[in-house]
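The following exercises practise the reading of a protein model. Please attempt each task before consulting its solution.

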Amino acid sequence: MTASQGKRERLHEILHECGSVLVGYSGGVDSVFLARVATDVLGRHRVLAVTGKSASVPSWMEDTAREVAARFGIPWLEVPTDELSDPRYAANPVDRCYFCKTELWARLAEVARGRGLRVVVDGSNADDVGDHRPGVVAAAEHGIRSPLLEAGLTKDEIRAWSRELELPTWDQPAAPCLASRLPYGLAVTPERLRQVERAEAGLRALGFRDFRVRHHGAVARVEVAAEELGRVAPLRAEVAGAVRGAGFARVLLDLQGYRRGALNEGLAPSRLVQLGARR
């Protein structure tokens, strides 16, 4: 048995141990994969994929969550979350995600209790260890399990298995919440989130796949993956127009390109919260 096969078997064992699960289902690569495997292993009557509907979540992610659930017969529910009404979240501190996930997991735990589902699970994987993840503290406080992480599955392994399962998300770029485009300390407001979403929708329409539009007040800083940077110059006018059309006065291109965790650059190590940490 290969290491990858062993991880797959372990994931099945973990899901059987859970018995029935509510999956925190964002429409991203990991949660879609987990919901599909859980449905295959436990059956539809023991699984519910739940998406939190929020201004912080890009609408295309909600569409993906809905469409994939319908296509693969995954029981699905959408529930509203209201993290923006929490002033601690809206102030956008470095542990902003803690307050967001506290709201999300409280809502999902309530749904799980009402549906008689034993365990709430998320899509954290082995590659998330060591990243700045304040939300993991909230997950621990609500007893959330991470089967993919427990099984040792990496992002590449999840993508490969997703492709075997013919999931359309297998090569989908990472898509964290829209608030992650705002530098810490810049208040999270519905208007700013809509600006970012509109700007990114414009770039997506131009064919860019892996990028971020960072909100710096009147200025937007565009990060594009290294392999796509060469496309920016020929489309300079279109890129600028798409971003300015979202309400930004100026558009700057970050020549370092898109990289994971750019928002956390410059934070002192003592201010980082890693997966597995406790508050």
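The exercises below concern this model, which is predicted.

**Exercise 1. The chain as a whole**

Task: Determine how many helices and strands the chain has, and state how compact the chain is.

Solution.
Step 1. The secondary structure consists of 10 helices and seven strands.
Step 2. The radius of gyration is 19 Å, and the globule rule gives 19 Å for 279 residues; the two values are close, so the chain is as compact as a globular protein of that length.
Step 3. Along the principal axes, the C-alpha atoms fill a box of roughly 55 × 40 × 35 Å.
Step 4. Of the 279 residues, 51% are buried.
Step 5. Among contacts with a separation of 6 or more, 75% join residues 24 or more positions apart.

**Exercise 2. Surface and charge**

Task: Describe the accessible surface of the chain and its charged side chains.

Solution.
Step 1. The accessible surface comes to about 12,800 Å². Carbon and sulfur atoms contribute 52% of this surface.
Step 2. There are 39 positive and 36 negative side chains. The centres of these two sets lie 3 Å apart.

**Exercise 3. Helix H8**

Task: Identify the buried residues of helix H8 and the helices against which they pack.

Solution.
Step 1. Helix H8 covers residues 155-164.
Step 2. Its buried residues are Lys155, Glu157, Ile158, Arg159, Trp161 and Ser162.
Step 3. These buried residues pack against helix H1 (3-18), helix H2 (29-42) and helix H7 (147-150).

**Exercise 4. Two residues with positive phi**

Task: For Asn92 and Glu166, decide whether each is buried or exposed, and give the location of Asn92 and of Glu166.

Solution.
Step 1. Asn92 is not a glycine, yet its phi is positive, about 60 degrees. Glu166 is likewise not a glycine and has a positive phi of about 60 degrees.
Step 2. Asn92 belongs to the loop between helix H4 (87-90) and helix H5 (96-115). Glu166 follows H8 and lies in the loop between H8 and helix H9 (190-205).
Step 3. A residue is buried under 20% relative accessible area and exposed over 50%.
Step 4. Asn92 has a relative accessibility of 1%, so Asn92 counts as buried. Glu166 has a relative accessibility of 58%, so Glu166 counts as exposed.

**Exercise 5. The surroundings of Asp254**

Task: Locate Asp254, and establish which residues Asp254 is in contact with, leaving aside its neighbours within four places in sequence.

Solution.
Step 1. Asp254 is found in the segment after strand S7 (250-253).
Step 2. Its relative accessible area is 10%, so Asp254 is buried.
Step 3. Apart from neighbours within four places in sequence, Asp254 is in contact with Arg221, Val222, Glu223, Leu229 and Arg259.
Step 4. Arg221 is 33 residues from Asp254 in sequence, whereas their C-alpha atoms are 6.4 Å apart in space.
Step 5. The side chain of Asp254 also reaches the backbone nitrogen of Gln256, at 2.9 Å.

**Exercise 6. A contact partner in strand S6**

Task: State where Glu223 is found, whether Glu223 is buried or exposed, and which side chain makes a polar contact with its own.

Solution.
Step 1. Glu223 is part of strand S6, residues 219-224.
Step 2. With a relative accessible area of 0%, Glu223 is buried.
Step 3. Its side chain makes a polar contact with the side chain of Arg221, at 2.6 Å.
Step 4. Both Arg221 and Glu223 are among the residues in contact with Asp254.

Key
Residues numbered from 1 in each chain as written. Predicted model: local features only at pLDDT ≥ 70, side-chain atom pairs only at ≥ 80, totals over all residues. Heavy atoms only, no water. Buried < 20%, exposed > 50% of the residue type's maximum accessible area, 1.4 Å probe, protein only. Helix = DSSP H or I, 4+ residues; strand = E, 2+ residues; numbered from the N terminus. Contact = heavy atoms within 4.5 Å. Rg over C-alpha atoms; globule rule 2.2 N^0.38 Å. Areas by Shrake-Rupley, 256 points an atom, 1.4 Å probe, with all protein chains shown as cover. Lys, Arg positive; Asp, Glu negative; His and termini not counted. Charge placed at Lys NZ, Arg CZ, Asp CG, Glu CD. Polar contact = N/O pair within 3.5 Å; in protein donor to acceptor, adjacent residues only side chain to side chain.
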